[in-house]
Amino acid sequence: PLPELPIFKSKLWQFAQQEFSDWTQEQIAVVRRLSAEDKTKEEANKYLVNSFVRFRRNNAHHALVAPSADLNGIAEAFVENLRVLTAQGAQACYAFISNGEATPEVAKYYFEPSIGPKLEAQMLAILKAIASGKSSPIATRQPPSAEDFNKLSTELGKRGWSAEDLRLFSDPIALSKAKPELVCRLVTEWFATQTRLEDEAARDQLIAASLRPVIGG
């Protein structure tokens with residue numbers, strides 16, 4: 001029998017079965033085998049989450065050419081997860097930013113009714129983008145321009161970002177050495193601000209570029 005895993009009851013799994021049925025059948029077969037080998041629910045869930053991670057990486061090119069509404073949905077789900085995990089402690093949020101959904105610091109939260117569905121919602125948003133990118137790709141999305149980044153910087157300034165914050169965020173080496181609390185705040189605000197930009201073209205181009213490591217990493 002299949003173990004009782006929250007993912008199997010989720011909208012995420014229903015959508016995956018509908019759009020990627022062959023893939024979900026393969027995952028069920030592996031989970032059944034793990035259960036027969038007396039693996040724990042946590043181990044089975046870890047396998048499933050890692051499978052979703054591999055799936056999004058392998059299909060990132062489809063997701064990144066999805067319509068802007070799909071990408072905005074991923075960014076909003078990502079922001080929600082960063083906020084929820086920060087409330088559990090900066091280390092959980094930092095691990096999620098650094099290593100994604102499958103990181104051990106995040107694994108236990110899939111079984112938390114107040115957090116697990118939000119983690120699943122981000123995966124669902126990515127799967128929807130993959131499906132949309134396959135069926136109706138955006139052929140002409142441009143990389144963000146200097147003007148787009150200027151608009152974003154202006155909005156971040158209104159949120160209280162200093163020139164030093166902007167410099168730190170644009171320096172990956174320095175950012176990797178910053179305190180987890182600071183990294184979580186900056187990454188959360190960076191994405192949240194983009195989702196609220198009034199200029200639709202700038203918003204779309206910035207979000208697509210910012211999501212590249214979230215979807216493909």
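This tour moves from the whole chain to its two largest pockets, naming what to select at each stop.

**The whole chain**

Begin with the entire chain in a ribbon view, bearing in mind that the model is predicted. The ribbon shows 13 helices and zero strands. Followed along the sequence, the pattern is therefore one helix after another, α-α-α-α-α-α-α-α-α-α-α-α-α, under the convention that helices and strands are DSSP runs.

Next, display the C-alpha atoms alone. Along the principal axes, they fill a box of roughly 55 × 40 × 25 Å. How does the radius of gyration of the chain compare with that of a compact globule? For 217 residues, such a globule would have a value near 17 Å, and the 18 Å of the chain agrees with this.

Now switch to a surface view. The accessible surface of the chain amounts to about 11000 Å², and carbon and sulfur atoms account for 51% of that area. Of the 217 residues, 48% count as buried, where buried means under 20% relative accessible area.

Contacts may be considered next. Among those between residues at least 6 apart in sequence, 72% join residues at least 24 apart.

**The largest pocket**

Rolling a probe the size of a water molecule over the atoms shows where empty space is left. The largest pocket holds about 590 Å³ of space. To find its centre, select Phe78, Ile97, Ser98, Pro213 and Val214, which are the closest to that centre among the 26 lining residues.

Then colour the helices α3 (41–58), α6 (90–99), α11 (172–177), α12 (180–195) and α13 (200–216), each of which supplies at least two residues of this lining. Which helix gives the most to the lining of the largest pocket? That helix is α6, with five residues.

Colouring the lining of the largest pocket by class gives 14 nonpolar, eight polar and four charged residues.

**The second largest pocket**

Move on to the second largest pocket, whose volume is about 180 Å³. Select Glu42, Lys46, Ala102, Ala107 and Lys108: of the 13 residues that line this pocket, these are the closest to its centre. Two elements, α3 and α7 (104–107), give two or more residues to the lining of the second largest pocket. Helix α3 gives the most, with five residues.

By class, the lining of the second largest pocket has six nonpolar, three polar and four charged residues.

**A last selection**

To end the tour, select α3 once more. This helix supplies at least two residues to the lining of the largest pocket, and α3 also gives the most to the lining of the second largest pocket.

Definitions and conventions. Residues numbered from 1 in each chain as written. Predicted model: local features only at pLDDT ≥ 70, side-chain atom pairs only at ≥ 80, totals over all residues. Heavy atoms only, no water. 1 Å grid on protein atoms, 1.4 Å probe; cavity = no way out; pocket = protein on both sides within 12 Å on 5 of 7 lines; lining within 4 Å. Points joined across faces, edges and corners; volume = space filled by probe spheres on them. Helix = DSSP H or I, 4+ residues; strand = E, 2+ residues; numbered from the N terminus. Nonpolar A, V, L, I, M, F, W, Y, C, P; charged D, E, K, R; others polar. Rg over C-alpha atoms; globule rule 2.2 N^0.38 Å. Buried < 20%, exposed > 50% of the residue type's maximum accessible area, 1.4 Å probe, protein only. Contact = heavy atoms within 4.5 Å. Areas by Shrake-Rupley, 256 points an atom, 1.4 Å probe, with all protein chains shown as cover.
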